[in-house]
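The exercises below ask the reader to work from the overall layout of a chain towards the surroundings of its ligand. Each task is followed by a solution in steps.

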Amino acid sequence: MSSNKRIKGLSISRPIYYGNTATPLTGKKTSDSDHTHKWTVLLRGLNNEDLSYYIRKVVFKLHETYPNPLRSVEQPPFELTETGWGEFEIMIKIHFHVATSEKPVTLYHHLRLHPYEDDINGQPWPKDKPVSSLIYDEFVFNEPTEQFRDILAKNNALQPNLPAKKATKDPLAPQFSVQLEQEELERLDAAQREVNAQIISLKQRMAALDSDN
Ligand code: V91
């Protein structure tokens, strides 16, 4: 019989992602409103893991100008589709099952409707291509109760998180892996080096201009 006793020193994390996808309402009948986009804000388990064995409900808090801005979703998929014209902050409050003894967790997501750049291959973003902003994260449960540990064990959820390599069957699902994380770190490192090189070059030009006058 497992209890509400917490397991000292144990930490269990579960991989998730959250964020939004959006498509323009071009040509489609947008009824009487000035709404320009249809969007979905979502919380998912990595690799389509069903989260409902430990998550009881997700409350999305939209901008207060939306009717009934507190939207509660008590069954998977934990997502909400709406229309609108602008980008704003969405609060995502996650409630765990009572048996977990975990307090709710609040995440924030800045709704993204527009492509901010050309795509990764330097091509302009096609008008009808969905935009997405999906963020990988992990719930970290420190000193979980025995009960919660048993729930996780029963659902095969005590394994590590990020897969080593790009490895999902669904081509539309976002790809998160240690490999892609590494590639992103390399892009950030290259960008940092480029900025440093430009700073050095500009300082040299300034020094040359100074000594000329
Ligand atoms: C922004 C309200 C459709 C401000 C400039 C937005 C609400 C708040 C927004 C929206 C900020 C909703 C409805 C009935 C009538 C930069 N909608 N804030 N109107 N970003 O899209 O956009 S956008 S439901």
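**Exercise 1.** Into which domains is the chain divided?

*Solution.* The model is a predicted one, and its chain is divided into domain 1, covering 11–162, and domain 2, covering 177–213. As a second step, the centres of domain 1 and domain 2, taken over C-alpha atoms, are separated by 35 Å.

**Exercise 2.** Determine which pocket holds the ligand, and describe the lining of that pocket.

*Solution.* The ligand is placed in the second largest pocket, which encloses about 160 Å³ of space. The lining of this pocket is formed by His35, His63, Thr65, Tyr66, Thr83, Gly84, Trp85, Gly86, Glu87 and Phe88. Sorted by class, that lining consists of three nonpolar, six polar and one charged residues.

**Exercise 3.** Which residues surround the ligand, and to which classes do they belong?

*Solution.* With a cut-off of 4 Å between heavy atoms, the residues around the ligand are His35, His63, Thr65, Tyr66, Pro67, Gly84, Trp85, Gly86, Glu87 and Phe88. Assigning each of them to a class gives a shell of four nonpolar, five polar and one charged residues. Pro67 appears in this shell, whereas Thr83 is listed in the lining of the second largest pocket.

**Exercise 4.** Identify polar contacts of the ligand, and state how much of the ligand the protein covers.

*Solution.* Polar contacts are pairs of N or O atoms within 3.5 Å. Starting with the side chains, a polar side-chain atom of Tyr66 is found 3.4 Å from an oxygen atom of the ligand. Turning to the backbone, an N or O atom of Trp85 lies 2.8 Å from an oxygen atom of the ligand, while a backbone N or O atom of Glu87 lies 2.7 Å from a nitrogen atom of the ligand. Finally, of the 550 Å² of accessible area that the ligand has on its own, the protein covers 62%.

Notes
Residues are numbered from 1 along each chain as its sequence is written. This is a predicted model: local features need pLDDT of at least 70, side-chain atom pairs count only at pLDDT 80 or more; totals for chains, interfaces and linings use all residues. Side-chain values use heavy atoms; hydrogens and water are left out. A polar contact is a pair of N or O atoms within 3.5 Å; within protein, one must be able to donate a hydrogen and the other to accept it, and residues adjacent in sequence count only if both atoms are side-chain atoms. Accessible areas come from the Shrake-Rupley method with a 1.4 Å probe; for residues, only the protein chains shown count as cover. On a 1 Å grid over the protein atoms alone, a cavity is a set of points where a 1.4 Å probe fits but cannot get out, and a pocket is an open set with protein on both sides within 12 Å along at least five of seven lines; lining residues have an atom within 4 Å of a point. A molecule sits in a cavity or pocket if more than half of its atoms lie within 2 Å of its grid points. Ala, Val, Leu, Ile, Met, Phe, Trp, Tyr, Cys and Pro count as nonpolar, Asp, Glu, Lys and Arg as charged, and the others, Gly among them, as polar. Domain bounds come from an automatic or database domain assignment. Grid points are joined across faces, edges and corners, and a volume is the space filled by probe spheres set on the points.
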